[in-house]
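I opened this entry to look up the cysteines first, then the nonpolar cores, and last a single threonine.

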Amino acid sequence: MIREAKKEDLEALLELYLYLHEDSIPKHDEHLEKIWNQIIKDLNHHLIVNEIDGQIISSCVCVIIPNLTRNIRPYAFVENVVTHADFRGNGYAGECLDYAKKIAEKENCYKMMLLTGSKKPETMHFYEKAGYNSSDKTAFIQWIGMDK
């Protein structure tokens, strides 16, 4: 079942992110709670989850960014696309991306963007199959206050 995350999904999401690039679950403290509440309450921040039998097995984030160009149409940025290792290759992340696209269309976005750190051909094929291309734009990243 595809849906947007609820407040009580925090633990499951943090565990799922271990399959993304995290090596530990952050300490539960006031800062984590503040950020989580900020995400959940932000109407432009859509944390999409795919669950089976109550277990969150895939997720992505879709942020709608207001914009003054392109006839004052917003754009969507997709990040943190992840699927639990035991469930990969079954289309669950694709379902999350489809849900994100529906949100972007509903919000009248003129484009969707995402970045991936992967160079694997199967990852590139996955994003191309989902409708993204790597030829229209060039991405540059500047890391702030941390090592890559």
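I count a disulfide as a pair of cysteine sulfur atoms within 2.5 Å, and I keep in mind that the model is predicted.

**Cysteines.** I searched the whole structure and found 0 disulfides. For Cys 62 I looked up the closest cysteine sulfur, which belongs to Cys 109 and lies 6.7 Å away, so the two are too far apart for a bond. Cys 109 is accordingly in no disulfide. I then checked whether these residues are buried or exposed, and noted that Cys 62 is buried, with a relative accessible area of 0%, while Cys 109 is also buried, at 11%.

**Nonpolar cores.** The largest nonpolar core holds 17 residues, and I listed Ile 48, Cys 60, Val 78, Val 81 and Leu 97 as those with the most contacts inside it. Strand S3 (55–65), strand S4 (75–83) and helix H3 (92–106) are the elements that give two or more residues to this core, and H3 supplies the largest share, with 6 residues. Following Val 78 beyond its neighbours within four places in sequence, I found it in contact with Cys 60, Val 61, Leu 97, Met 112, Met 113, Leu 114, Leu 115 and Tyr 132. Apart from the largest core I noted another, of 14 residues, which includes Leu 13, Tyr 17, Ile 39 and Val 61.

**Thr 123.** I placed Thr 123 in helix H4 (residues 121–129) and asked whether it is buried or exposed. At 18% relative accessibility it counts as buried, because the cut-off for buried is under 20%. Leaving aside neighbours within four places in sequence, I found Thr 123 in contact with Thr 116 and Ser 118.

Technical notes:
Residues numbered from 1 in each chain as written. Predicted model: local features only at pLDDT ≥ 70, side-chain atom pairs only at ≥ 80, totals over all residues. Heavy atoms only, no water. Buried < 20%, exposed > 50% of the residue type's maximum accessible area, 1.4 Å probe, protein only. Helix = DSSP H or I, 4+ residues; strand = E, 2+ residues; numbered from the N terminus. Contact = heavy atoms within 4.5 Å. Core = buried A, V, L, I, M, F, W, Y, C linked by side-chain atoms within 4.5 Å.
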